[in-house]
Amino acid sequence: MLAASACLCACSGNKQAANNEQQVTDEPLYVDSLALNHPEYLPTLALGEMAPEISAPDTLGNTINLSDYRGKYVVIDFWATWCGDCRREVPELKQVFSEFEGKQIQGAGIQFLSYSFDRDAERWKSFLAKEQFAWPQISTLEPEWKKNPASQNYGLNWIPAFLLVSPDGRLVGKAITAAGLRQVIKDEAKK
């Protein structure tokens, strides 16, 4: 966990983050130790709120919308290839996908959707080709990720950010590590 805490600063821009005291909370959404220590890096969109629409092209130029998956649980992965923390989470995220692929929560399927804040199309597509993700990857390729409407609508302060959206379109979980995402999904399945 030391490596994860140390790299927290890279994508958040906060050089003091790794030195913060541990914060204790009763909120069930703080499912991993990194989020427990740094809840300020979780997206600010509140649990229970409707997830704002996301719409962006995939690598072939086909537009994919979050609303296309209504009726399923949707894992949203906000990330970028230039973000070292995001890249470090890829192997674990792939494992989480493998664990839940084809499974259901309360009778609803689970869909993964990754939204990249990359600006360079070739770099993004090259990384995707190398990693061979098995779920949709989208990006608007806009500069300045914090000014991107998706970033603003979800209240993103740091990436990666993982969110779980219910079949009716409400935010039901959030995490800042893939291990935390795994627990969010398991917790939702227990409800």
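Start your tour at the far end of the chain: select Lys191, which sits in the segment after helix 6. Helices (H or I, at least four residues) and strands (E, at least two) are DSSP runs here, numbered from the N terminus. With 64% relative accessibility, Lys191 counts as exposed; exposed means over 50% relative accessible area, buried under 20%, and partly exposed in between (1.4 Å probe, protein chains only). Show its contacts, meaning heavy atoms within 4.5 Å: apart from neighbours within four places in sequence, Lys191 touches Gln106 and Val172. Now draw a distance from Lys191 to Ile105: the two are 86 residues apart along the chain, yet their C-alpha atoms are separated by 9.3 Å.

**Before going on**

What you have open is a predicted model, in which local features need pLDDT of at least 70, side-chain atom pairs count only at pLDDT 80 or more, and totals for chains, interfaces and linings use all residues. Residues are numbered from 1 along each chain as its sequence is written, and side-chain values use heavy atoms, with hydrogens and water left out.

Colour by pLDDT, the predictor's confidence in each residue, from 0 to 100. The chain has a mean of 84, and 81% of its residues reach 70 or more. Select residues 1-31 and you will find pLDDT below 50, although this stretch has 56 contacts in the model beyond near neighbours in sequence.

Switch to a cartoon for the overall layout. There are 6 helices and 8 strands, running α-α-β-β-β-α-β-β-α-β-α-β-β-α from the N terminus on. Of the 191 residues, 50% are buried. Among the chain's contacts with a separation of 6 or more, 68% join residues 24 or more positions apart.

**Ile105 and Gln106**

Return to Ile105, in strand 4 (residues 104-105). Is it buried or exposed? Its relative accessibility is 2%, so Ile105 counts as buried. Leaving out neighbours within four places in sequence, its contacts are Tyr73, Ile110, Ile185, Glu188 and Ala189. Ile105 also lies 8.9 Å from Lys186, C-alpha to C-alpha, with their positions 81 residues apart in sequence.

Step along to Gln106, in the loop between strand 4 and strand 5. At 51% relative accessibility, Gln106 counts as exposed. Check its backbone: phi is near 50 degrees, a positive value in a residue other than glycine.

**Helix 3 against helix 6**

Next, select residues 84-100 (helix 3) and 178-190 (helix 6) together. Two packed helices are described by the angle between their axes and the distance between the axes. Here the angle is about 20 degrees and the axes are 8 Å apart. Axes are lines fitted to C-alpha atoms, for helices over the stretch in contact, and angles run from 0 to 180 degrees between N-to-C directions. Helix 3 and helix 6 are therefore roughly parallel, a label for angles under 35 degrees.

Show side chains on both helices. Helix 3 contributes Glu89, Glu92, Leu93, Gln95, Val96, Glu99 and Phe100, while helix 6 contributes Ala178, Ala179, Leu181, Arg182, Ile185 and Lys186.

**Ile185 and the core**

Centre on Ile185. Outside its neighbours within four places in sequence, Ile185 contacts Val75, Val96, Phe100, Ile105, Ile110 and Leu164. Ile185 is also one of the residues that touch the most other members of the largest nonpolar core, along with Ile76, Phe78, Phe112 and Tyr154. That core has 50 residues; a nonpolar core is a set of buried Ala, Val, Leu, Ile, Met, Phe, Trp, Tyr and Cys residues joined through side-chain atoms within 4.5 Å. Elements that each supply at least two of its residues include strand 3 (73-79), strand 5 (108-116) and helix 4 (121-131).

**Gly173**

Move to Gly173 in strand 8, which is buried with a relative accessible area of 3%. Beyond residues up to four places away in sequence, Gly173 touches Leu47, Phe162, Leu163, Leu164 and Val184.

**Two backbone stops**

Most residues other than glycine have a negative phi, and most peptide bonds are trans. Select Leu141, in the loop between strand 6 (137-139) and helix 5: its phi is positive, about 55 degrees. Leu141 counts as partly exposed, at 28% relative accessibility.

Finish at Pro160, in the loop between helix 5 and strand 7. The peptide bond from Ile159 to Pro160 is cis, with omega near 5 degrees.

Note on methods: Parallel < 35°, antiparallel > 145°, perpendicular 65-115°, else oblique.
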